[in-house]
Amino acid sequence: MKREYEEFKVRINGLVAKAEKKPEEGWVMHDGTPWPGNNTRDHPGMIQVYLGSQGALDVEGHELPRLVYASREKRPGHNHHKKAGAMNALVRVSAVLTNAPFILNLDCDHYVNNSKAVREAMCFLMDPQLGKKLCYVQFPQRFDGIDLHDRYANRNVVFFDINMKGLDGIQGPVYVGTGCVFNRQALYGYDPPRPEKRPKMTCDCWPSWCCCCCCFGGGKHRKSNKEKKGGGGDDEPRRGLLGFYKKRGKKDKLGGGPKKGSYRKQQRGYELEEIEEGIEGYDELERSSLMSQKSFQKRFGQSPVFIASTLVEDGGLPQGAAADPAGLIKEAIHVISCGYEEKTEWGKEIGWIYGSVTEDILTGFKMHCRGWKSVYCTPTRPAFKGSAPINLSDRLHQVLRWALGSVEIFMSRHCPLWYAYGGRLKWLERFAYTNTIVYPFTSIPLIAYCTIPAVCLLTGKFIIPTLNNLASIWFIALFMSIIATGVLELRWSGVSIEDWWRNEQFWVIGGVSAHLFAVFQGFLKVLGGVDTNFTVTSKAGADEADAFGDLYLFKWTTLLIPPTTLIIINMVGIVAGVSDAVNNGYGSWGPLFGKLFFSFWVIVHLYPFLKGLMGRQNRTPTIVVLWSVLLASIFSLVWVRIDPFIAKPKGPILKPCGVQC
């Protein structure tokens, strides 16, 4: 088995090496024609079915899963919405070709590490009581190729092993963009089934006429609410449209309509124009069904085959749809065209939501607002594994992208602070989503906290005021409660102290660099229309000769300047404070230790950044040193010029005019 695996590995690596060497004239297909995808920015939609419904059986005679390659249409000048648009295209293609009820979402750099992971997700999604209410099952992210000490907190264990487990007890964890199994119906914007209300208890203590009045008023109120919602929510038009398809099919058969042909050809007769022109010829039930189809086409797009697939709650193709495989392929090409999503609700209420570089947060948030629940599944063996950026520059750019997405959501209509208060989102879940979008703004006070210790040492003043006994008790109680909460979280989740400390360090590093830049770039993008382009994060390969060679790789970025400036300012402050204490004698050493403690605390938090900045040869790039020294000097000169600790005299300044004055 090992020998066969090594041979298989050689063949696969050979194919990868061959694919990386693109010919100058571009790729050519078997029939000699150029491959349409040679121009990655301008090509038609392409679908290749490798394993279809016929003849795809394993050695035991069981049917194999479908294997389909899909590439959506790309045209210059068209907004394709990056990953979110690609996922929505895949949802439509899979609905037309197979329409499986569940969808597994993995990033391209992740692989299946546990063969039983999908089965564990099915235990939740197919549960007779809980399954119909679940929108997705989220797995934690685990990574390969990370250094032993996890210098830049790539594992992010505090988030995945503490925060996400805590959310699992409310309404469910947030969607993190990969390692997730979705319920297809939740992606279509449908509401989860609501439990039937128990009949109200009645008593004999009220007169009969009072009960009748109360019941009559309540029934009228319920009726009006039902009419406002459009006749019973999402289920009514779905049932009506299904009945219309069945009834209209019988009429066509009896009245000499199309007796043979594919499902697609039959449904093409019910286009939007026919509905608008011939609606008078139907009875009330058919008319409501036709209007339902019209609303469905405005919601999902002009594809009757896809619309019919959305009505099959338990998955599988609609009856008769599989009779014409060639017609389904043409329909699948149609649903991945550039203009298919125009004037529809794709990206607004359906599928992956557009409007932010972190589309995962928005997508999960919209589902939870409709009342769906999610589950956090943490098997002993990690379900999926991927690669992570291990050098400092790439890691900071990754954090910058996440933080910028949070700022975009904060300044959009989907902000959890004011969105969907009439929905079914629980309050604690709303607080959790609020935390995911406001954390970049903590960079502003964090910059101040990292600068204040150096200011104290440079000026000889202790900015923190003297506390009385009562205030000291409150301060100590607050400090101890924070420590106790952290210890309880570590004990409950099993996170080690080292992992917790690495997370604390990189929270400071990212806060004073990536989060700060994200706040300003977010305001520029939303208010000024200045967009920021991101390059794909380079990630470590597992088969490199030096497994952690990228750990010491340095790439220049402006994100390195603020942390370096803070390190220089605090180091200069320590030298200035110690020098001042030496000159002033023994009495000044006592107050100095408190100031030194806070400066050392800042430097210790920034120590992984300092190691990454020095590189393998322990050398800091000259440009970083020059910029940091320049900013530190400007800050010091401005502070000396302002000098806020010296009391300014009020009134006219009197100067002696001479010896005999």
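Here is a short walk through a few parts of this structure, which is a predicted model.

Let's start with a residue that comes with a database note. The unreviewed UniProt entry lists Lys82 under "binding site". In the model, Lys82 belongs to helix H2, which covers residues 82-97. Is Lys82 buried or exposed? Its relative accessible area is 62%, and since anything over 50% counts as exposed, Lys82 is exposed.

Next, have a look at the sheet. Three strands make up an open sheet in the order E4-E9-E6, and the pairing is mixed. Which strands stand at the edges? Those are E4 (110-112) and E6 (142-144). Each of the two has a single partner strand, so one side of each has no neighbour in the sheet. Going from one strand to the next, the twist averages 40 degrees.

Zoom in on the E6 side of that sheet. Strand E9 takes in residues 384-387, and it runs parallel to E6, with three bridges joining the two. If you want a pair to click on, try Arg142, whose bridge partner in E9 is Lys385.

Following the chain on from E6 brings you into the loop that leads to helix H4 (157-167), and this loop is where Asn154 sits. Being in a loop doesn't tell you whether a residue is buried or exposed, so check the number: Asn154 has a relative accessible area of 5%. The cut-off for buried is under 20%, which is why Asn154 counts as buried.

What does the side chain of Asn154 reach at 3.2 Å? The backbone oxygen of Pro389. The Asn154 side chain also makes a polar contact with the side chain of Arg395, at 3.4 Å. Setting aside neighbours within four places in sequence, the residues in contact with Asn154 are Phe143, Ile146, Ala388, Pro389, Ile390 and Arg395. So Pro389 and Arg395 turn up again in that list, while Phe143 falls within the span of strand E6 (142-144).

The last stop is helix H4, at the far end of that loop. Its axis and that of helix H17 (residues 469-493) come within 10 Å and cross at roughly 85 degrees. Angles from 65 to 115 degrees count as roughly perpendicular, and H4 and H17 are therefore roughly perpendicular to each other. On the H4 side, the contact is made by Asp161, Ile162, Lys165 and Gly166. On the H17 side, Glu489, Trp492 and Ser493 take part.

How values were computed
Residues are numbered from 1 along each chain as its sequence is written. This is a predicted model: local features need pLDDT of at least 70, side-chain atom pairs count only at pLDDT 80 or more; totals for chains, interfaces and linings use all residues. Side-chain values use heavy atoms; hydrogens and water are left out. UniProt positions are given in the numbering used here, feature names are shortened, and annotations may be inferred rather than shown by experiment. Helices (H or I, at least four residues) and strands (E, at least two) are DSSP runs, numbered from the N terminus. Buried means under 20% relative accessible area, exposed over 50%, partly exposed in between (1.4 Å probe, protein chains only). Two strands pair if DSSP finds at least two bridges between them. Axes are lines fitted to C-alpha atoms, for helices over the stretch in contact, and angles run from 0 to 180 degrees between N-to-C directions. A polar contact is a pair of N or O atoms within 3.5 Å; within protein, one must be able to donate a hydrogen and the other to accept it, and residues adjacent in sequence count only if both atoms are side-chain atoms. Contact means heavy atoms within 4.5 Å. Angles under 35 degrees count as roughly parallel, over 145 as roughly antiparallel, 65 to 115 as roughly perpendicular and the rest as oblique.
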